[in-house]
Structures are given as structure tokens and as C-alpha cells.
Amino acid sequence: MNEKKDFENVQNDLSTLGGVNPSRHASAQAVSGARVEKRIEKAAEASKKLAVSREKGSGDGADRPSGPVGLDVGTSHIVAAQNKHNYVYSVQDLNAFFTVPNAKFAKNILSQKEIKYYENHQQYYIIGDSAQNFANMFNVNTRRPMEDGFLSPKEDVGLKVIEAIVSSLVQEPKNFGEILCFSIPGAPFDGNGSVVYHESVVKGFLDGLGYTSIAINEGMATVLSELAEDDYTGIGISMGGGMCNVCLSYLSFPVITFSIQMSGDYIDKMVGKAVGEPASRIKAIKEEALDLSVEPTDRVSTALHIFYDEIIFKLLESLRRVMISTDKIPKISSPIPIVLSGGTAMPTGCKDKFDSKLKEINLPVAISEVRLAEDPLNTTAKGALIMAMTEAAG
Ligand SMILES: Nc1ncnc2c1ncn2[C@@H]1O[C@H](COP(=O)(O)OP(=O)(O)OP(=O)(O)O)[C@@H](O)[C@H]1O
Ligand SMILES: [Mg+2]
């Protein structure tokens, strides 16, 4: 790519673009053109090492990492990734909890069944996938530490629960001060939520655990994970549970980042309301059977199509509006790719639906193709790991 020489021209622009605060993101430090090349090389080297993703077996305890860590703190899932002898080793759990009153009897059962929990204020806090099992048993919903991409204002124990889930996946590092990159959302396009507060409290916990923690925008993590062959130039979109995160990256630097607070949870809620079913049932149907490449056959699939259409339209329209409202977009000579990741991008036909809506909208940059990430549920953690490995390499 011949874009590298143009980079210095956009450096000043980076500091004034909407949604980007370079001083707060490791990936947006102002650097010279030579450093850009070095950084791209290092990131490419890190991502080349990471061929296969392997997941942790059940019953394994929390790891004590001996190298850099990538951590995805998501509304639905928390995923930790490490580089183990040239493959990505990822561990994940549901970002959810369920409380039961404490009693000696319950304690014995919970311990015997290897259920993850902690005790506080005369209650047992059951966390992760186990919380879902309990909620199903009692026919209620789990409680969620995060909502719409941020720590939930409704749950004052949210951070404690996240701490407990993270600690069940990774303990303190073997070497104090090990680099850990963790995902943070972009500022909502037209919604609520403070990135600064969310980032600060999560960072406080991770630093306290003995890491040198660095925040990485979730859309940028998608780019780092998937766009090595494009010199990290393109648009990464992570379609998760609470939000969709977007990042336009130029040579590995986030030029535009933002989020919309609509994604999988929104689809479940809105479809549920439309057809009179609980959101949890819609979620199960969506994950097991949704095929967006075929015409809907019933009320639920019709509604699922409608709300997917709405989210994709909102995503593209907000991207267009953010792009045309700034004249800071670097001059990119060739068309750039869009890569989709996250659980909500997974149904068959989602990528094609996105592609066909893209053709109806007039973006100010040419798009070469729309791709689906290789491993959509682990993309953010892998991208954060690549950033951590790049930072650790100095
Ligand atoms: N096979 C599937 N088909 C459709 N949706 C799916 C599938 N698998 C997971 N999902 C949905 O993906 C969402 C979770 O995705 P993901 O784990 O990427 O989110 P997250 O990173 O935790 O959230 P966020 O990034 O918004 O904070 C949920 O809404 C879930 O229902
Ligand atoms: Mg996510």
C-alpha cells in the first residue's frame, strides 16, 4: 500500500476527530512515519503467530498468565486471550449473575458442583454460565453487570461481579506489570454512557491485579484481529450483545470510532415485544435457527429480519453521517474492506444483508468488500491480545 507517506498529513487530524481521544488510546499516539511502519510490522508479526483459537476445557482453574493478555469485557461475554506457543488460547464466560440467600446447605452443593460463586452481604453471587442455569431453573432472567456496552447503572454490584468473572478466567500475572489490553466501547453516536467512567473503573481493577492495563477500542480490536493483510486499513464493526462498535482505521490508527447502543439484546427485546414472547426465548431461537438468507416463514423470523434491517440501516446511516460531518478522512487511494465480528454478525446471511444495504447508501469512501471475522465471538479478545503483544514488544 502507498498510504504510509500520507500518514503524517493526518496525524494532526487524529486529535480533532469525533470519537477519538488519542491521549487515552495506546493505538492513537502521534508517531512518525517510520514508527508507523514498525508498528504495523510488529502487529503483523503478532497476528501471524496466532493461527488457531483453542478454548479452555471445563473445570480448568484460572490461568496465571506469563505473557501479554487480551481481554474483551463485553455486555454478554467476557473473553480472555493469551498467546500459547503460536495459537490463541481463549477462555470465556457469560457476563451475568444470579443471587441466592446464603445457607450452609447451599454452600456445600455449590462447592460440590464446581459452580462459580462468591459470598457477599449474606448472599451467594452465582456468576457466569452457572447463573444462566440457575435463572432457567427459576424461570427468571439473569442479572447483568453491563447494559448497552457500559457498566449498568442499575446494578451497584456490577463491577464486583465483573471482577469475580475476570478473576475466574485470569489471575494476577506471573510477572508484575504484564501488559493487558482490554476492550472499551466507542462513544455512543446518540445515546448514553460514559466511556471515561467505564474505562477508569475497569482499568483500576486490572492495574490492582498487577497488570499494566491499556484500553483498546472494540472496533479497533476487530481491525487488528482481521485486517493484517490490508495494513490495518479498513472498517471494523463489532456487533455484540449491547452495542455495535465501529472503527475506521488507517494504517493501524483509529481515525473514527463510535458506537450505537443497539445490537443482540435490542433485537431480543424488540422482537419479544412485537410477538409477545420473553426476550430470553427469542434469543434462543435467534441463536439456534435464524437464517437471514431466506425469506421469513413465521412471526418471530419476520420480526427478527425487521430488527436486523433496522440495526444495519442505523449502523450504516450513522457511519455515513459521522464520515460526512468531518473533512478529516485521510485520502485513501484504494477501496477499503469492512469486517464484521461479534455474536450478532453470526447468523447465515447477516454479511450479505449488510452488503446489500451498503449498496443503497452513499459512503464517502469506496468499500472493496464486506467480510465476516474468522471467529466472531473471540475477535475482540484476539485483537486486544495483538495490541498487548505489540505493546510488550516495545
Ligand atoms: N449464532 C448466533 N446467532 C445470532 N446471534 C448470536 C449467535 N451467537 C451469539 N449471538 C448473539 O450475540 C450477542 C453476543 O455477542 P458478543 O459475545 O460478541 O457480545 P459482547 O461482546 O459480550 O457485547 P458488546 O460488545 O455489545 O458489549 C448476543 O446478543 C447473542 O444473542
Ligand atoms: Mg463485544
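**Reading the terms on this predicted model**

Of the 394 residues in the chain, 45% are buried (20 or more other C-beta atoms within 10 Å of the residue's own; exposed is 12 or fewer, partly exposed in between; C-beta atoms are placed from the backbone). This is a predicted model: local features need pLDDT of at least 70, side-chain atom pairs count only at pLDDT 80 or more, and totals for chains, interfaces and linings use all residues. Residues are numbered from 1 along each chain as its sequence is written, while chains are lettered from A and ligands numbered from 1 in the order in which they are written.

User: What makes a run count as one of the helices or strands of the chain?
Analyst: DSSP runs decide: H or I over at least four residues for a helix, E over at least two for a strand, numbered from the N terminus. The chain comes to 12 helices and 16 strands.

User: Why are S5 and S7 said to pair?
Analyst: Pairing needs at least two bridges found by DSSP between two strands. S5 and S7 (residues 123–127) have five, in the antiparallel sense. They therefore pair. Thr99 has Tyr125 in S7 as its bridge partner.

User: Which strands are the edges of the sheet S5-S7-S6?
Analyst: The sheet is open, with three strands and antiparallel pairing. S5 (97–101) and S6 (117–120) are the edge strands, because each pairs on one side only. The twist averages 25° from one strand to the next.

User: What packs on that sheet, and at what angle to S7?
Analyst: Helix H4 (residues 129–137) touches S5 and S7, its direction making about 110° with that of S7. Contact means C-beta atoms, placed from the backbone, within 7 Å. Angles run from 0 to 180 degrees between N-to-C directions, with axes fitted to C-alpha atoms, for helices over the stretch in contact. Helix H5 (residues 158–169) lies across S5, S6 and S7 at about 55° to S7.

User: How do you know that the span of H5 agrees with its 12 residues?
Analyst: The expected span is 1.5 Å times one less than the number of residues. That gives 16 Å for H5, and its end C-alpha atoms are 17 Å apart, so the two agree. The buried residues of H5 include Val161, Ile165 and Leu169.

User: What puts a residue in the shell around ligand 1, and how many are there?
Analyst: The C-beta atom, placed from the backbone, must lie within 6 Å of the molecule. 25 residues surround ligand 1, with Gly74 and Ser76 among the closest. H9 gives the most, three residues.

Methods:
Two residues are in contact if their C-beta atoms, placed from the backbone, lie within 7 Å.
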